[in-house]
Amino acid sequence: MANEKIILGIDPGTTIMGFGLIKVVGKKMEFIQMNELLLQKYNDPYTKLKLIFERTIELIDTYHPDEIAIEAPFFGKNVQSMLKLGRAQGVAMAAGLSRQIPITEYLPKKIKMAITGNGNASKEQVAKMLQSLLGLKTLPKNLDSTDGLAAAVCHFYNEGRVEVGKSYTGWDAFVKQNEKRVKK
């Protein structure tokens with residue numbers, strides 16, 4: 001029997017969290033699902049974080065991914081937006097870590113480069129390439145779910161490479177790799 005594994009890709013956000021799942025059998029990938037968690041109707045930021053955590057746990061418990069690939073927040077001009085994205089990402093990571101699932105972060109440019117060959121590709125270009133690669137019949141209205149799917153596909157393409165991004169196998173690994181950031 002060929003090696004099989006499931007990769008969950010997450011595009012964290014406090015308005016929309018996109019996610020996608022692929023199954024890897026040997027050296028081939030198969031589309032499982034992509035969707036979005038819509039959060040814009042909630043005003044309370046803590047409710048949004050709770051829902052992100054709960055949805056991520058639900059995805060983990062339903063699909064049993066072997067690995068999680070997550071888009072890292074990019075450095076923009078708006079510090080508040082970056083802080084909110086970082087919190088959303090952290091909550092999704094905490095859900096994965098609580099289930100002992102290895103997590104790898106990828107910068108948006110790295111994901112775009114892996115999918116399209118162009119680190120500056122638009123969301124639409126990434127979505128169209130995923131549609132072609134995975135034989136998707138239609139694309140969603142919002143492209144946050146294709147961004148989550150793109151993170152999973154990027155992770156598949158970067159398998160076996162020494163330098164793929166930051167990886168964490170559990171809380172101990174996370175703390176060890178980030179202890180310089182933590183004040184004692």
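## Pairing and the model

Two strands count as paired if DSSP finds at least two bridges between them. With that in hand, let's look around this predicted model, starting from strand 1 and moving on to a histidine in helix 5.

## Strand 1 and its partners

Strand 1 covers residues 4–11, and seven of its eight residues are buried, so the strand is largely enclosed by the rest of the structure.

On the antiparallel side of the story is strand 2, residues 16–25, which pairs with strand 1 over eight bridges. A hairpin of four residues makes the connection between strand 1 and strand 2. If you would like a spot to find this pairing on screen, look for E4, which stands opposite V25 of strand 2.

Strand 4, residues 67–71, is also paired with strand 1, here in the parallel sense and over four bridges. A handy place to see this is G9, whose bridge partner in strand 4 is A69.

## H155 in helix 5

Next, the histidine. H155 belongs to helix 5, which spans residues 144–157. Is H155 buried or exposed? Its relative accessible area is 7%, and the cut-off for buried is under 20%, so H155 is buried.

Which residues does H155 touch, leaving aside its neighbours within four places in sequence? They are I7, E67, A69, T104 and Y106. With Y106 there is also a polar contact: the two side chains are joined at 2.6 Å. A69 may ring a bell, as this contact of H155 is also the bridge partner of G9.

Conventions: Residues numbered from 1 in each chain as written. Predicted model: local features only at pLDDT ≥ 70, side-chain atom pairs only at ≥ 80, totals over all residues. Heavy atoms only, no water. Buried < 20%, exposed > 50% of the residue type's maximum accessible area, 1.4 Å probe, protein only. Helix = DSSP H or I, 4+ residues; strand = E, 2+ residues; numbered from the N terminus. Polar contact = N/O pair within 3.5 Å; in protein donor to acceptor, adjacent residues only side chain to side chain. Contact = heavy atoms within 4.5 Å.
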